[in-house]
2 protein chains.
Amino acid sequence: MIIDPARSPLLTDLYQFTMLQVYHAAGMTDGAVFELHFRRFAGDRAFLMAAGSESVLEWLEQLAFSPEECAWLNSTGRFSSEFIASLADFRFTGDVDAMPEGTIFFAEEPVLRITAPLREAQLIESRVLNLIHLQTLVAAKAARCVLAAGGRLPLVDFGLRRAYGAEAGMLAARAAYVAGFAGTATVLAGERFGIPLFGTMAHSYIEAHPDEEEAFVRFGRVHPHNTTLLIDTYDIVRGAERAARAALRLAAEGIRVQAVRIDSGNCAAVARQVRAVLDRNGCRDVRIMATGNLDEYALAGLLAADVPVDACGIGTRLVIPSAPPDPDCAYKLVAYAGRPRLKCSAGKATWPGAKQVWREYRDGMMVADTIGLAEEKLPGRPLLVPMLRNGKRVAVPEPLAAARTRAAAECAALPAELRRLDGGDSAPFPVERTPAVVQLRSATEREFR
Amino acid sequence: MIIDPARSPLLTDLYQFTMLQVYHAAGMTDGAVFELHFRRFAGDRAFLMAAGSESVLEWLEQLAFSPEECAWLNSTGRFSSEFIASLADFRFTGDVDAMPEGTIFFAEEPVLRITAPLREAQLIESRVLNLIHLQTLVAAKAARCVLAAGGRLPLVDFGLRRAYGAEAGMLAARAAYVAGFAGTATVLAGERFGIPLFGTMAHSYIEAHPDEEEAFVRFGRVHPHNTTLLIDTYDIVRGAERAARAALRLAAEGIRVQAVRIDSGNCAAVARQVRAVLDRNGCRDVRIMATGNLDEYALAGLLAADVPVDACGIGTRLVIPSAPPDPDCAYKLVAYAGRPRLKCSAGKATWPGAKQVWREYRDGMMVADTIGLAEEKLPGRPLLVPMLRNGKRVAVPEPLAAARTRAAAECAALPAELRRLDGGDSAPFPVERTPAVVQLRSATEREFR
């Protein structure tokens, strides 16, 4: 059961293969254009943040069927051997245009566009959604947390244990870092992505010692440059007193305790108590880190009430960033064989034609987006940029730091109303469609309904 | 960025390594006991269903540090070279006791117990939680869906695209199958786990054709034994009429259309319309499959209103099975060096000592659970069973079918009140602790606070 599903072309829905067999039988090999967008968001969310395109590109570049995978497909008895033989040379040979990671976007805007022979663009649907959905939601959640923390609280991803599996833990750490988190506790994310690592100690560490203060002192001696003491294992006030005594003992040895961590109770009340204990006991320079079911609303509350917290770890609510069905993403065919295509399903209608999004700025702030047809020329900055052409990279992968810098610039250019946690309710960002987009939909509807 | 994080011992939190270095420096090598439990659930949830222990066992059996991983840890400058050298022979040599997959359990009951040298039991915390949390929540969600469907609606996992990454998609397919789903659309889950595969067609398939009816007929000819037609791409009533015409044309060729699929609109109203169109057009034997943001409440609503739906695909709400912070799981030290241990943190206090859960039955129905100390002998069936001893399997892995059979038996033995979707509100299952457990906590509190 320990699997490496991340690379397999079999990590897709069965219907992709059944459809591909029909396309193969019918000779439907023309070019298709699919676009990925998020449907209208509910709730108070004002924006999303693009993330995940880099993992999509890596996945597409290596996509191929092994002889074993073809043999297994054959063994199911569902497919013709001629069709399976056609998969032997399957590669992704198409184009990808996408909003670079860290870009802020809004509902119904295409964030990724695939232009490729039909079978290629179709097969990849499930995994492309699977990769983009999570990373985009985590980046948006993290960006909201960073905005709520207002530059005053460094935030760290502590979510691995509650993430839905290994890949979710890794990709969440990366998306949160893009969106402005200071780092992660996930060691492998440090190793693979170069993300700064942070950590404290667990309750089990304290419990395994006969004496809380001795456990603190021992930790400081082994890790003299990286000591954050968890103080709520038994009693938070006594824990703070013992941490203060340990800090003074360690200071005498030249070791500085950086912080204490609080993981339970009413954070605002407890942090004030702990601050008072530390201050009273000569530990004014020992900071307080808070963890435990925090999210952007909790962060805003801590800051609004001037709670003496200096850093926060965010776990469950970062890596499980939203509750279904909001927000919902879709990957939809918008053109095939040179002709626009659409669906008209109730509540899920799509806009045909390959599209682009242009963003206009005033005094450095984003003021409006326009969704136009890709061939139009509109004022503003086009948000979808070429990533792959004929299956090959247009440029070398950008460093993670570049995406992080972009995310910060995007948040800085967000109008003040949209930076509010309830920005989606109070002031939706203006996103218009060009007359050409609207006309194309009417014409395509008349043709296909 | 395409990674195989599933096996790496670096897929853990940084603090595990910092704590391990202290344990190493201090010679803290005694045996530890950790237990995993889910804290009190909020909302109307009456039970959870154990899943994921098989993946934990496989992960533990292969756990080891490669020379490259040790070299990378060394390169961080955070650890002593002597400590890193001690990881070279790291293996999991301990015991695992767990509730077998498919077992129903309740809040605060230990579902998995690790007995191992401290460093081993500590390092594995993050990944053990990461594996058990998702699979248990998905199994419980799926079991609730299966109960709501009352044996009248086969359910299929359609969640891959919304799952949080590759591993989440795979493990969700497996957990849902254990809990009674008929199968999955995820091809790789069919290949790796032998789960039955189901699929229909996408809107893009219809859109890529100039004519909806011709698209239906073409699909039936290529897949004569597996034809479910998606009918809501343009207009649901016209789609149903075209499906009926296609079904009659295919019937003349000896090909049977099994079903149509509805993916949008008000399911109850639309399914009745579609049923009427099919019946009126000679397609009484063509069934209706519904998809689109369904969950256990929607299923119960469809059945209560006698909506003519014959099968359902469940996606987003299966693979994102709950909203934080409910339910929350924890892996806590309960004994070290032969002495009980506890934490007393506000709202998160633990019960010390290695424990067992005994379940009693009356007339084949479960009536009460008792949490006792592992060394007690109580009436009823002990739910935690030996899985690993000294790092080795006690028995060969059970077939997936065995877990599925167990899950069905567990649901059948669930009291009627708890089978209700709001069972958690109306009638919590009685879970008691023995006097020995209560006394041990008091004694341990006195010792450690």
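**Strand pairing, helix packing and chain contact in a predicted two-chain model**

In chain A, A:Val357 lies opposite A:Ile371, a residue of strand 15. The model in which this pairing occurs is predicted. The two strands concerned, strand 14 (residues 355-362) and strand 15 (residues 365-373) of chain A, run antiparallel and are joined by eight bridges. They form a hairpin in which two residues separate strand 14 of chain A from strand 15 of chain A. Within the turn, A:Asp363 adopts a positive phi of about 50 degrees. Strand 14 of chain A also pairs with strand 16 (residues 381-382) of chain A, again in the antiparallel sense, over two bridges. In this second pairing, A:Arg359 has A:Arg381 of strand 16 as its bridge partner.

In chain B, strand 14 (residues 355-362) and strand 15 (residues 365-373) are likewise antiparallel, with eight bridges between them. There, B:Val357 is partnered by B:Ile371 in strand 15 of chain B. Both strands belong to an open sheet of four strands in chain B, ordered 16-14-15-19, in which the pairing is mixed. Strand 16 (381-382) and strand 19 (431-433) of chain B form the edges of this sheet, each pairing on one side only.

Chain B further contains an open sheet of six strands with parallel pairing, in the order 7-6-11-10-9-8. Its edges are occupied by strand 7 (183-184) and strand 8 (228-230) of chain B; each has a single partner strand, so one side of each is left without a neighbour in the sheet. The partner of strand 8 of chain B is strand 9 (residues 259-262) of chain B, to which strand 8 is paired in the parallel sense over three bridges. Across this pairing, B:Leu230 stands opposite B:Arg261 of strand 9 of chain B.

Among the helices, helix 15 (residues 400-412) of chain A was examined in detail. This helix comprises 13 residues and extends 19 Å from its first C-alpha to its last, close to the 18 Å expected at 1.5 Å a residue. Its buried residues are A:Ala403, A:Arg406, A:Ala407, A:Glu410 and A:Cys411. These residues cover an arc of only 135 degrees around the axis and therefore lie on the same side of helix 15 of chain A. The packing partners of the buried residues are strand 2 (48-49), strand 4 (104-105), helix 6 (125-149) and helix 7 (166-178) of chain A. On the face of helix 15 of chain A turned away from the buried side, the exposed residues A:Ala401 and A:Ala412 are found.

The contact between the chains involves 98 residues from chain A and 98 residues from chain B. On the side of chain A that touches chain B, the largest share, nine residues, is supplied by helix 1 (residues 14-26) of chain A. By residue class, this side of chain A consists of 50 nonpolar, 26 polar and 22 charged residues. Of the interface residues of chain A, 100% are also interface residues in chain B, so the copies meet through the same surface.

Superposition describes the arrangement of the chains. A turn of 180 degrees, with a shift of 0.0 Å along the axis, lays chain A on chain B with an RMSD of 0.0 Å. The two copies are therefore related as by a two-fold rotation axis.

Methods: Residues numbered from 1 in each chain as written. Chains lettered and ligands numbered in written order. Predicted model: local features only at pLDDT ≥ 70, side-chain atom pairs only at ≥ 80, totals over all residues. Contact = placed C-beta atoms within 7 Å. Nonpolar A, V, L, I, M, F, W, Y, C, P; charged D, E, K, R; others polar. Least-squares fit on C-alpha atoms with pLDDT ≥ 70 in both. Expected span 1.5 Å × (residues − 1). Buried ≥ 20, exposed ≤ 12 C-beta atoms within 10 Å, placed from the backbone. Arc of directions from axis to C-beta. Pairing = 2+ DSSP bridges.
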